[in-house]
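Grab a pencil and work through these exercises with the model open beside you. Each one sets a task and then walks through the solution.

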Amino acid sequence: SYKFSNNTIVGRLENYGKILKNYSNTNIDLPSALIISLNKDFSSVKIIVNYEYDLNFSDYLYTVSSEFKINNNLNMYLGLNSDRKDLMNGDYIDELVSGIKFGMAFKFEEYIFHIATQNMGPAGYSNSISFKKIIL
């Protein structure tokens, strides 16, 4: 990563490697991706722009996200991805919210609680809950 003024540029390669031993007769490559992120910090809002290139399918995805710092213990997240055109299905409201992500993070002492949801179009909603303990 490279940091300058209130900006950070991050580059990473995810899931790049080789499967050493398959547990079945199928031959599937790891879902490798090259990801470049630009983070812009304002006083109470962080804007994150991601470019993700899938090395297996030669496909890309853009994501624009915002992190709103409500107070020292509460953050809210809102995001939109470029894949939403492929997720649209159903009535006007479904098409309006397709590809939109929303989440919250609450910090209590050394614990962080995350809850998030994303509209996946015809596949429905993806919901997640996670707990994290800060150890360092």
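## Exercise 1: The pocket

The largest pocket holds about 450 Å³ of space. Before the task, some ground rules. This is a predicted model, where local features need pLDDT of at least 70 and side-chain atom pairs count only at pLDDT 80 or more, while totals for chains, interfaces and linings use all residues. Residues are numbered from 1 along each chain as its sequence is written, and side-chain values use heavy atoms, with hydrogens and water left out.

**Task.** Work out which residues and elements line the largest pocket.

**Solution.**

Step 1: get the term straight. On a 1 Å grid over the protein atoms alone, a pocket is an open set of points where a 1.4 Å probe fits, with protein on both sides within 12 Å along at least five of seven lines; lining residues have an atom within 4 Å of a point. Grid points are joined across faces, edges and corners, and the volume is the space filled by probe spheres set on the points.

Step 2: find the lining. It has 21 residues, and N50, T63, S65, G79 and K101 lie nearest the pocket's centre.

Step 3: go up to the elements. Two or more lining residues each come from strand 4 (45–54), strand 5 (59–71), strand 6 (74–81) and strand 7 (100–108). Strand 5 gives the most, with five residues. Strands here are DSSP runs of E with at least two residues, and helices are runs of H or I with at least four, numbered from the N terminus.

Step 4: sort by chemistry. The lining splits into seven nonpolar, nine polar and five charged residues. For that count, Ala, Val, Leu, Ile, Met, Phe, Trp, Tyr, Cys and Pro are nonpolar, Asp, Glu, Lys and Arg are charged, and the others, Gly among them, are polar.

## Exercise 2: The sheet

**Task.** Lay out the strand order and follow the pairing from strand to strand.

**Solution.**

Step 1: count the elements. You should find one helix and nine strands, in the pattern β-β-β-β-β-β-α-β-β-β along the sequence.

Step 2: set the order. The nine strands make an open sheet, 1-2-3-4-5-6-7-8-9, with antiparallel pairing. Two strands pair if DSSP finds at least two bridges between them. At the edges sit strand 1 (2–4) and strand 9 (125–133), each pairing on one side only. From one strand to the next, the twist averages 15 degrees; the axes behind it are lines fitted to C-alpha atoms, and angles run from 0 to 180 degrees between N-to-C directions.

Step 3: start at the N-terminal end. Strand 1 and strand 2 (residues 7–14) are joined by three bridges, and F4 has N7 as its bridge partner. Their hairpin has two residues between the strands, and S5 takes a positive phi near 40 degrees there. Strand 2 then meets strand 3 over eight bridges, where E14 stands opposite A33.

Step 4: move on towards the pocket strands. Nine bridges link strand 3 (residues 33–41) to strand 4, and S37 faces N50 across that pairing. Between strand 4 and strand 5 there are ten bridges, with D54 opposite D59. Four residues separate these two strands in their hairpin, where S58 has a positive phi near 50 degrees.

Step 5: finish with strands 6 and 7. Strand 5 pairs with strand 6 over eight bridges, N71 has L74 as its partner, and the hairpin has two residues between the strands. Strand 6 joins strand 7 through seven bridges; G79 stands opposite K101, and both are among the residues nearest the pocket's centre.

## Exercise 3: Two tyrosines

**Task.** Describe how the rings of Y60 and Y62 sit, and decide whether each residue is buried or exposed, or in between.

**Solution.**

Step 1: apply the ring rule. Rings of Phe, Tyr and Trp (its six-membered ring) pair if their centres lie within 6.5 Å; planes under 30 degrees apart are stacked, over 60 edge-to-face, and the rest tilted.

Step 2: read off the geometry. The structure holds five aromatic pairs. In one of them, Y60 and Y62 are edge-to-face, 5.5 Å centre to centre with 70 degrees between the planes. Y51 joins Y60 and Y62 in one aromatic cluster.

Step 3: check the accessibility. Buried means under 20% relative accessible area, exposed over 50%, and partly exposed in between (1.4 Å probe, protein chains only). Y60 is at 46%, so Y60 counts as partly exposed. Y62 has 41%, so Y62 is partly exposed.
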